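Colleague: Could you walk me through one part of this model in detail? I would like to follow a single strand and see what surrounds it.

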Amino acid sequence: MPTDPINVIGAGGQGAVTVDALLAAGVEPDTIEVWTEDEVSSEFKLFGIQVRHLSGAERLTGRDVHVSIGDNVVRQRVSRNLVAVGAKLRTIIHPMATVSAHASVGVGAFLAAGSIVAARATIGQGAIINHNSVVDHDCVLGEFVHVAPGATLGGGVTLANLVLIGAGANILPARKIEIGVVVGAGAVVTSDLSAGSTYAGVPAVPLNNRRM
């Protein structure tokens, strides 16, 4: 964990999980600042930490930031705006996450409690690996993906940028999932998935192909 003060961007559920991870890692509350693009009252706090309104990315020039927004596209936009003004993206790994010494985790990524990242796996910039999810050996995850709680990626899976894997989904080994795909909760992916579609079911198929 960084020792410099860290600025958490996002005060919703993902923001709360992120601040909780920082506190669990022993980061002092007075070195954490929480920001949101939404208008907030002066009484709104996360675990006793005041949430502030972020009126412009330039306020965080040169500072350590972690973007804690669950929506992949919004997280990408906010991260890029911050980097453009000189903010420094920081990775946060919960102390109860398991990460192989032979894995690679990109800047700005978040690994929640109970998540597992196995040997030779690569996690891209700004990715979220949520509670009790598994990224097995040799997986390659692109930028700003989100692997929801309890999802499992078998060995050698490839996720392109902005992919969302729903809670409890299972991706069989060596499958390739293209940019922007959404895999529904509990789905089982047995084949490669084409860009831009939403898939659900067992086995996973495009939603517009499912019988009602």
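In which sense do E2 and strand E4 (residues 49–53) pair, and over how many bridges?

Modeller: Happy to, and please keep in mind that this is a predicted model. E2 and E4 pair in the parallel sense, over three bridges. One residue to look for there is Thr36, whose bridge partner in E4 is His53. E2 itself covers residues 32–36, and four of its five residues are buried, so the strand is mostly covered by the 20% cut-off on relative accessible area.

E2 also pairs with strand E1 (residues 6–9), again in the parallel sense, this time over four bridges. Between these two strands the chain passes through helix H1 (residues 13–24), and the resulting β-α-β crossover is right-handed. To place the pairing residue by residue, start with Ile6, which stands opposite Ile32 in E2. Then take Asn7, whose bridge partner in E2 is Glu33.

From E1 you can step on to strand E5 (64–67). E1 and E5 run parallel and are joined by four bridges. Asn7 is a handy landmark here as well, since Val65 in E5 stands opposite Asn7. In a regular strand, side chains alternate between the two faces of the sheet. E1 can be read in that way: Ile6 and Val8 point one way, Asn7 and Ile9 point the other way, and all are buried.

Next comes helix H2 (residues 72–84), whose buried residues pack against E1 and E5, as well as strand E6 (88–89), strand E13 (128–129), strand E16 (146–147) and strand E19 (164–165). The buried residues of H2 are Asn72, Arg75, Gln76, Val78, Ser79 and Leu82. You may like a quick check on the helix geometry: at 1.5 Å a residue, the 13 residues of H2 should span 18 Å, and the end C-alpha atoms are 18 Å apart, which agrees. At the start of H2, a side-chain oxygen of Asp71 comes to within 3.0 Å of the backbone nitrogen of Val73. After the helix comes Gly86, with a positive phi near 95°.

The nonpolar residues can be followed too. Val34 belongs to a core of 17 residues that also includes Ala16, Ala21 and Ala112. This core is separate from the largest one, which has 30 residues. In that largest core, the residues with the most contacts inside it are Leu141, Leu153, Leu159, Ile165, Ile177 and Val183. If you centre your view on Leu153, residues that it touches beyond four places in sequence include Val134, Val135, Cys139, Leu141, Leu159 and Ile171.

Some of these names lead to another sheet, which is open and has five strands in the order E9-E12-E15-E18-E21, with parallel pairing. Strand E9 (104–105) and strand E21 (176–177) stand at its edges with a single partner strand each, so one side of each has no neighbour in the sheet. Within this sheet, strand E15 (residues 140–141) and strand E18 (residues 158–159) pair in the parallel sense over two bridges. Val140 has Thr158 as its bridge partner in E18.

One last stop is Gly168, in the loop between E19 and strand E20 (170–171). Gly168 is partly exposed, with a relative accessible area of 31%. Beyond its neighbours within four places in sequence, Gly168 is in contact with Pro149, Gly150, Ala151 and Gly186.

How values were computed
Residues numbered from 1 in each chain as written. Predicted model: local features only at pLDDT ≥ 70, side-chain atom pairs only at ≥ 80, totals over all residues. Heavy atoms only, no water. Buried < 20%, exposed > 50% of the residue type's maximum accessible area, 1.4 Å probe, protein only. Pairing = 2+ DSSP bridges. Right-handed = clockwise from strand over helix to strand, strands pointing away. Core = buried A, V, L, I, M, F, W, Y, C linked by side-chain atoms within 4.5 Å. Contact = heavy atoms within 4.5 Å. Expected span 1.5 Å × (residues − 1). Polar contact = N/O pair within 3.5 Å; in protein donor to acceptor, adjacent residues only side chain to side chain.
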